[in-house]
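Visitor: I would like a close look at a single part of this protein. Please take one helix and show me how its residues sit, then work outward from there.

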Amino acid sequence: MNEIVIELSEINPREFFGQQNENIELLKKYFPKLKIVARGNKIKVFGDEEMLEEFDVRITMLMEHFGKYNKLDENVIERVLTSEKSSDYQTSDESGEVLVHGVGGRLVKPQTANQRKLVELMRKNDMVFAIGPAGTGKTYTGVALAVKALKEKQVRRIILTRPAVEAGENLGFLPGDLKEKLDPYMQPLYDALRDMIPQERLDSFIEKGVIQIAPLAFMRGRTLDNAFVILDEAQNTTHAQMKMFLTRMGKSAKFMITGDPGQIDLPRRVISGLKEALLVLKEVKGVGIIYLDDKDVIRHRLVKKIISAYKEIEHTE
């Protein structure tokens, strides 16, 4: 009796196998002449060589579908097992609405007119500044665009960076090793990624350096090629830091800079590198700039009111 072993790498076996192995049970119904055993992260299949080849093709199609959409159910399995080609069962993304099929089948798409403009600007330009208050989806949309570019092999890696602890990047007083010191400042980036990439694959990408999350100081001296690079919280960069970052841009790279000029943590009399860059680069061809506002806030409805209330007192000061 012939045997093949399929190993699930970067895929959560429990999600792929289904609750109480219901997806595996479905496979058994479609391949009654094969003996299929799922254990750990491996599927062992025994039977006739020709049937094993057919099973190998179909399970590969299922794994590719799961890799793209992070979801399997009875309907999908049925369509995959009875289709001639992937276009027969995959959802069309031509509308450009869905950026990423996130964890658990979550559809990540731009929610507001300005977020849609941001997506369009990123399509037309290699460098985009997305400016706006907290909760307007700047970082989240940026991470979704980066994950989409990686999945579609437009870039080889994603690099996410932000100035750590205000602009001085002084981490000495915090306990723990460097990673433990930095993680709290990088948490919003991790949170966005976890919505879009299953944990096993995300861990693997980070381990292999396909996704890198690092403080801005670590960008010095590097040339960032074939990468989607996001500088988050850019309002807390100095002139020197912003110039250093912008000049890291290598071939086939996409740069996105996000920030909120209303939340600058720099010492007094230090000019924000973001504010300066917006003035210096506003006429440069190939650089896109979009301003999001409280109409783009997609957090709790109170957040819009809070931003509006603060705007009033800040304008009267």
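Guide: Start with helix α2, residues 22-30. Its buried residues include N23, I24, L26 and L27; buried means under 20% relative accessible area, exposed over 50%, and partly exposed in between, with a 1.4 Å probe and protein chains only. These residues cover an arc of only 155° around the axis, so they lie on the same side of α2. The arc is that of the directions from the helix axis to the C-beta atoms. Helices here are DSSP runs of H or I, at least four residues; strands are runs of E, at least two; both are numbered from the N terminus.

A word on the model. It is predicted: local features need pLDDT of at least 70, side-chain atom pairs count only at pLDDT 80 or more, and totals for chains, interfaces and linings use all residues. Residues are numbered from 1 along each chain as its sequence is written, and side-chain values use heavy atoms, with hydrogens and water left out.

Now the partners of α2. Its buried residues pack against α1 (13-17), β2 (35-39), β3 (42-47), α3 (49-69) and α4 (74-82). Contact means heavy atoms within 4.5 Å.

Next, the largest nonpolar core. A nonpolar core is a set of buried Ala, Val, Leu, Ile, Met, Phe, Trp, Tyr and Cys residues joined through side-chain atoms within 4.5 Å. This one has 35 residues, and L193, M196, I211 and F228 touch the most other members. Elements giving two or more residues to this core include α5, β6 (127-131), α8 (178-196) and β8 (211-215). The largest share, seven residues, comes from α6. Leaving aside residues up to four places away in sequence, L193 touches V143, V147, L160, L202, I211 and I213. Apart from that core lies another, of 26 residues, among them F17, F31, V45 and L81. In soluble globular proteins, nonpolar side chains tend to be buried together.

Buried does not have to mean nonpolar here. N114 sits in helix α5 (residues 113-124). It counts as buried because its relative accessibility is 14%. Beyond residues up to four places away in sequence, N114 touches I290, Y291, L292, D293 and D296.

Finally, the whole chain. It has twelve helices and eleven strands. Of its 317 residues, 48% are buried. Among contacts with a separation of 6 or more, 70% join residues 24 or more positions apart.
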